[in-house]
Amino acid sequence: MSRVASWRTALLVVGLSLRLGGSPAAGAEQGLAAEALTVGQAVSTALSRNRDILAARLDIETAQYDRAAASVYPNPVISYNLGNIVIGQANPQYPPIPQPGAFGQTQHNIAISEVVDIWAKRTARIRAAEEGIVAKRLLVEDALREVVYQVRTGFMDALRAQEARELARETNARYAETVRISRSRFAAGDISENELRKIELESLRYQTAVIDAESELDLARQKLAALLGFAAAEALPPALAHATARTAAEPLSALLERAAQQRPDLLAVRQSRAASAATLSSAQREALPDISVSLNYQHSEFTASGDNPNSLGLGVSFPLPLFDRNQASVGRARVDQKRAENSIERIWLLVQQDVAGAARRVARAQLLLDAFEAGGMSERAEAALRVAEHAYKAGAASLLELLEAQRTYLDTRAQYLRAQHEYRQSLVEVSHAVAGDIK
């Protein structure tokens, strides 16, 4: 399925859920089961509940009404005239008849007229409206892209906070075991009371880290819940699923080619150029005079003057385009064309910058991950900590050596988690820079 098809399928699903009277909110809540929430589930939920998307869809409906208005034929005009109403004394007639009253010699005229669209103005208006509908749909796709980016970014932030909390809990639990061993060693007389107090005081640092990590995770989950359209984080599953494994990076040229073909904002400004060209053509046709044809029927009650009692007439009329040649609308359409051309260059420059910047961030994040994973830094730091813990338990290592091993392990794990987060977030930014596909 192509990218455009995937976007439109997502819009259709959202639209059907609303039109059929179902509650997308209830469906989303049922879809968020107790198991870990994935980034795909988060995106799907946001697309079905996000109010910005629903508002953007209303713009499409407005554009569709513009198309309906463009396709309407002008209404025929019917008129009725009553003439030859006598004021004062009527003209003499032959043969003589009694003096008629004011309405004794009237003439009745009924006419119907219609504009004939010989310049295909209606066709031009329909084409301009249809081009505008396509542009609106692309703008909705761009709104979808932004929502997807925000949700994925919020998910990655919450996932990082969740991993940081897990690390803080793990470190606190391991240090609690160190405190227990230290108390046993103090009771056996292996360490002094002053050294025990230092160990217990250090444990407060790890307990505080757990509290801070819990708070950071709660804030990140609250932000993610808001992006998904929930009032509170309690509506989310208790855990977030880890992101997918590493993938091979695409070359910059391939990313730029995809962005040129798929970025909704770039496609929208290209479509706006087509829409402005159609609008210009329509405005130029509107400057041509409308031809009106008419058919009239006349009934005269003054036949003595030579009038036929009943007669038909045909007429043609059109305005002379001496002053109003739709100059303002034509001028605005030409300015819109120039604005569209400028927007294409401006957006394409921004797209190239976005893609290049995102590709650089991916390359940097991959280098950081390689430094950790290829060298086994996390494993070596954990091994060193285990050695220090066993040595301290056996009385072969000092408190200073144990604390140094713990800080090294903690810093190494924290840097590794940061590198993982930067890599995942860089992939989100590449997807957003290229097209923001729903996956």
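User: Which residue forms a salt bridge with E200?
Analyst: Quick note on the setup: this is a predicted model, where local features need pLDDT of at least 70, side-chain atom pairs count only at pLDDT 80 or more, and totals for chains, interfaces and linings use all residues. Residues are numbered from 1 along each chain as its sequence is written, and side-chain values use heavy atoms, with hydrogens and water left out. A salt bridge here is a side-chain nitrogen of Lys or Arg within 4 Å of a carboxyl oxygen of Asp or Glu. For E200, the closest N and O atoms are 3.0 Å apart, and the partner is R183.

User: Which helices does the E200 and R183 pair link?
Analyst: Helices are DSSP runs of H or I with at least four residues, numbered from the N terminus. The two residues sit 17 apart and join distant parts of the chain. E200 is in helix α6 and R183 is in helix α5.

User: Is R183 buried or partly exposed?
Analyst: Buried means under 20% relative accessible area, exposed over 50%, and partly exposed in between, using a 1.4 Å probe and protein chains only. R183 has 46% relative accessibility, so this residue counts as partly exposed.

User: What is the N to O distance in the salt bridge of R169 and E214?
Analyst: This pair also links distant parts of the chain, with R169 in helix α5 (residues 121–187) and E214 in helix α6 (residues 193–227), 45 residues apart. R169 is partly exposed at 42%, and E214 is partly exposed at 28%. Their side chains meet, N to O, at 2.5 Å.

User: Where does the salt-bridge partner of E202 sit?
Analyst: E202 pairs with R407, the closest N and O atoms being 3.1 Å apart. E202 is in helix α6, 205 residues from R407. E202 is buried at 12%, whereas R407 is partly exposed at 30%. The home of R407 is helix α11 (residues 399–434).

User: How many salt bridges does the rule count?
Analyst: Some of the charged residues are linked in a network of salt bridges, namely D142, R145, E146, R263, D265 and D354. By the rule, the count comes to 27.

User: What span does α5 reach from its first C-alpha to its last?
Analyst: The expected span of a helix is 1.5 Å times one less than its number of residues. α5 has 67 residues, and the expected value is 99 Å. The model comes close to that, reaching 99 Å.

User: How many of the 11 residues of helix α3 are buried?
Analyst: Helix α3 covers residues 39–49 and is mostly covered. Its buried residues include G40, V43, L47 and R49. The number buried is eight.
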